[in-house]
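Q: I would like a close look at a single part of this structure. Please pick one spot, take it residue by residue, and keep the sentences short.

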Amino acid sequence: MFASKRWSYVVIAIVGLLLGAVLPNVFNVSGISANSKIIWLLITINFIGAFALGWYIKRTYTPWWTLLVFPGIFALDTFLLKTNEHQYAYFLALTYLALSIVAHFNSWAVNVEDEGDEHYKNIVDSGFESGN
């Protein structure tokens, strides 16, 4: 269903850059109020994006360290470019990481159709084999 692992890294990098650096700057330039930016971008869109990214990383069997890409880009953008000039932005980066981890380790991301019934039958059968 998904492309190669190399493309998974590209997708993760693009989504991380888009959510962590590009959209905050677009919201700043567009003149949207700070409250709207906080509610719509930093909370709503980025929370959904962090959860979706964690789910995608699980589904594509990408290494765990890729969970750090989006929150890391967001924190670096906040630190270097001062896109989000408030201290709470670093706590939001930690929240994005936590949401990605929750999505990564939940059972919704397991693709049961890929493994099929035969996989589970083999696990059960080999688990109950006697050593005779």
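A: What follows is a walk around one buried lysine and the residues beside it.

Start with the setting. The model is predicted. Its chain has five helices and zero strands. From the N terminus on, the order of elements is α-α-α-α-α. The chain has 132 residues, and 32% of them count as buried. Take the contacts with a separation of 6 or more: residues 24 or more positions apart account for 75% of these. The chain exposes about 8400 Å². Carbon and sulfur atoms supply 69% of that area.

Now the central residue. Lysine 37 sits in helix H2, which spans residues 34-59. Lysine 37 is buried, yet it has no salt bridge. Which side chain of opposite charge is nearest to lysine 37? That is aspartate 77, and it is 7.4 Å away. A salt bridge needs a side-chain nitrogen of Lys or Arg within 4 Å of a carboxyl oxygen of Asp or Glu.

What does lysine 37 touch, then? Set aside its neighbours within four places in sequence. Lysine 37 is then in contact with Pro24, Phe27, Asn28, Ile32, Leu42, Thr83 and Asn84. Two of the listed residues, Thr83 and Asn84, deserve a closer look.

Take threonine 83 in this pairing. Its backbone oxygen lies 3.2 Å from a polar atom of the lysine 37 side chain. Here the partner is a backbone atom of threonine 83.

Next comes asparagine 84. Its side chain and that of lysine 37 are joined by a polar contact of 2.7 Å. Asparagine 84 lies in the loop between H3 and helix H4. Helix H3 covers residues 69-81, and helix H4 covers 88-105. Is asparagine 84 buried or exposed? Asparagine 84 counts as buried because its relative accessible area is 4%, and buried means under 20%. A second polar contact, of 3.2 Å, links the side chains of asparagine 84 and threonine 78. Leaving out residues up to four places away in sequence, asparagine 84 touches Pro24, Lys37, Leu42, Phe74, Thr78 and Ala89. Pro24 and Leu42 also appear in the contact list of lysine 37.

Helix H1 comes into the picture as well. It runs over residues 5-29 and holds asparagine 28. Asparagine 28 is one of the residues in contact with lysine 37. Which backbone atom does the side chain of asparagine 28 reach? It reaches the backbone oxygen of threonine 83, at 3.0 Å. The side chain of lysine 37 also has a polar atom 3.2 Å from the backbone oxygen of threonine 83. Apart from residues up to four places away in sequence, asparagine 28 touches Lys37 and Thr83. Asparagine 28 and threonine 83 are 55 residues apart along the chain. Even so, their C-alpha atoms are separated by 7.6 Å. Asparagine 28 has a relative accessible area of 37%, so it counts as partly exposed.

Asparagine 25 is in helix H1 too. How far apart are the C-alpha atoms of asparagine 25 and asparagine 84? The separation is 8.9 Å, for two residues 59 apart along the chain. Beyond its neighbours within four places, asparagine 25 is in contact with Asp77 and Thr83. Recall that aspartate 77 is the nearest side chain of opposite charge to lysine 37. At 29% relative accessibility, asparagine 25 is partly exposed.

Step back to the loop between H3 and H4. Lysine 82 is found there. Lysine 82 has a positive phi, near 55°, and is a residue other than glycine. Most residues other than glycine have a negative phi. Lysine 82 is partly exposed because its relative accessible area is 46%. By contrast, asparagine 84 in that loop is buried.

One more asparagine belongs to helix H2. Asparagine 46 is placed there. At 0% relative accessibility, asparagine 46 counts as buried. Neighbours within four places aside, asparagine 46 is in contact with Leu19, Leu41, Phe70, Phe74 and Tyr96. Phe74 is also touched by asparagine 84.

To sum up, lysine 37 is buried and has no salt bridge. The lysine 37 side chain has a polar contact of 2.7 Å with the side chain of asparagine 84. A polar atom of that lysine side chain also lies 3.2 Å from the backbone oxygen of threonine 83.

Note on methods. Residues are numbered from 1 along each chain as its sequence is written. This is a predicted model: local features need pLDDT of at least 70, side-chain atom pairs count only at pLDDT 80 or more; totals for chains, interfaces and linings use all residues. Side-chain values use heavy atoms; hydrogens and water are left out. Helices (H or I, at least four residues) and strands (E, at least two) are DSSP runs, numbered from the N terminus. Buried means under 20% relative accessible area, exposed over 50%, partly exposed in between (1.4 Å probe, protein chains only). Lys and Arg count as positive and Asp and Glu as negative; His and the chain ends are not counted. A polar contact is a pair of N or O atoms within 3.5 Å; within protein, one must be able to donate a hydrogen and the other to accept it, and residues adjacent in sequence count only if both atoms are side-chain atoms. Contact means heavy atoms within 4.5 Å. Accessible areas come from the Shrake-Rupley method with a 1.4 Å probe; for residues, only the protein chains shown count as cover.
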